[in-house]
Amino acid sequence: MNEFVNWVFTEIPAPVLIVGSTVIFAMAGLGAVIMRSRASKQPASAKKIILPPIMMSTGALMFLFEPFRVAWPHVFEALAVGLLFSTLLIRTSKFEENGGEIYLKPSKAFIFILAGLLVLRVAGKLILSSTIDVGELAGMFFLLAFGMIVPWRIAMYVKFKKLQSRTGAAA
C-alpha cells in the first residue's frame, strides 16, 4: 500500500491530483445536500447525529503514510479553520418536534454554505498547492473537515437532547 501511495504522489502531476480531489469533494458535497434533504423527512436520532464523525475518523488512517503527514502548526491551523467554519453549520442546524418525533429543519442556507465552502476549498488548494505538498495539503483539508464536523455534530447532539428532554419526544 505504501508503494502505491508513493507511486501516486511521484507519477501523477500535482495539478491532476488537485483537480481530481476537488471533483471528488464537489460530488461529496452534492451527496451531503441530498442526504440532508432526505434526513429532514425522517425523524432524527442520536445515532444518526453521532455516527458521521465516527465514520469519518477512519480517514485519519491516511496519516500512516508519509505523504499525508502534516506539520503540527498546520494541524492546529486546519483544526482552527474547521472550528470557525463549523459555526456556520451549527447556526443553520435546527430541530423541530412534530407528532412526537424530532426532525431536522430543512435550511436553504445549508446549500449555499456548502457551495461557499467548496469555493473556499478550491481557492485554498490553488493558493496553498504552490507552497505545500499535495499530500500534506490533503491531510490538512481532512483535518479542516474533521475539525468542522465534530463541533457541528456535538452542537447538533446537544440541541437534539435539549429538545427531546423539553418535549418528551421519542429517541
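Here are a few exercises with worked solutions on this predicted model.

**Exercise 1. Getting your bearings**

Work out how many helices and strands the protein chain has, and in what pattern they follow one another.

*Solution.* Start with the tally: the protein chain contains 6 helices and 2 strands. Next, walk along the sequence, and the pattern reads α-α-α-α-β-β-α-α. For the overall dimensions, take the C-alpha trace along its principal axes, where it spans about 55 × 30 × 25 Å. Then turn to burial: of the 171 residues in the protein chain, 35% are buried. Finally, consider the contacts with a separation of 6 or more: 82% of them join residues 24 or more positions apart.

**Exercise 2. How α5 and α6 pack**

Describe the packing of helix α5 against helix α6: which way do they run relative to each other, and which residues meet?

*Solution.* Two quantities are needed, since a pair of packed helices is described by the angle between the axes and the distance between them. Helix α5 covers residues 108-128 and helix α6 covers residues 134-167; their axes come within 11 Å and cross at roughly 155°. An angle over 145 degrees counts as roughly antiparallel, so α5 is roughly antiparallel to α6. The handedness comes next: the crossing of α5 and α6 is right-handed.

Now look at the side facing the partner. From α5 come F110, L117, R121, G124, K125 and L128, and they meet L137, F141, M148 and W152 of α6. Sorted by character, the residues of this contact are 7 nonpolar, 1 polar and 2 charged.

**Exercise 3. An aromatic cluster**

Find how many aromatic pairs there are, then classify the pairs that involve F142 with F63 and with F146.

*Solution.* The count comes to 5 aromatic pairs. Take F63 with F142: their ring centres are 5.9 Å apart and the planes stand at 65°. Over 60 degrees counts as edge-to-face, and that is the class of this pair. F63 sits in the loop between α3 (46-56) and α4 (72-92), while F142 belongs to helix α6, so the pair ties together parts that are 79 residues apart in sequence.

Then take F142 with F146: the centres are again 5.9 Å apart, but the planes differ by 10°, which gives a stacked pair. Both residues lie in helix α6, 4 residues apart, or about one turn of the helix.

Put the pieces together: F63, F142 and F146 form one aromatic cluster. To finish, check accessibility. F142 has 14% relative accessibility and counts as buried, whereas F146, at 24%, is partly exposed.

**Exercise 4. Two loop residues**

Locate P13 and K94, and decide whether each is buried, partly exposed or exposed.

*Solution.* Begin with P13, which is found in the loop between α1 (2-11) and α2 (14-39). Its relative accessibility is 47%, so P13 counts as partly exposed. For a distance check, P13 and I102 are 89 residues apart along the chain, and their C-alpha atoms are separated by 48 Å.

Move on to K94, in the loop between α4 and β1 (95-98). With 42% relative accessibility, K94 is also partly exposed. K94 and A46 are 48 residues apart in sequence, and their C-alpha atoms are 14 Å apart in space. Leaving aside residues up to four places away in sequence, K94 touches Y103, L104 and K105.

Note on methods. Residues are numbered from 1 along each chain as its sequence is written. This is a predicted model: local features need pLDDT of at least 70, side-chain atom pairs count only at pLDDT 80 or more; totals for chains, interfaces and linings use all residues. Side-chain values use heavy atoms; hydrogens and water are left out. Axes are lines fitted to C-alpha atoms, for helices over the stretch in contact, and angles run from 0 to 180 degrees between N-to-C directions. Angles under 35 degrees count as roughly parallel, over 145 as roughly antiparallel, 65 to 115 as roughly perpendicular and the rest as oblique. A crossing is left-handed if the near helix is turned anticlockwise from the far one by less than a right angle, and right-handed if clockwise. Contact means heavy atoms within 4.5 Å. Ala, Val, Leu, Ile, Met, Phe, Trp, Tyr, Cys and Pro count as nonpolar, Asp, Glu, Lys and Arg as charged, and the others, Gly among them, as polar. Rings of Phe, Tyr and Trp (its six-membered ring) pair if their centres lie within 6.5 Å; planes under 30 degrees apart count as stacked, over 60 as edge-to-face and the rest as tilted. Buried means under 20% relative accessible area, exposed over 50%, partly exposed in between (1.4 Å probe, protein chains only).
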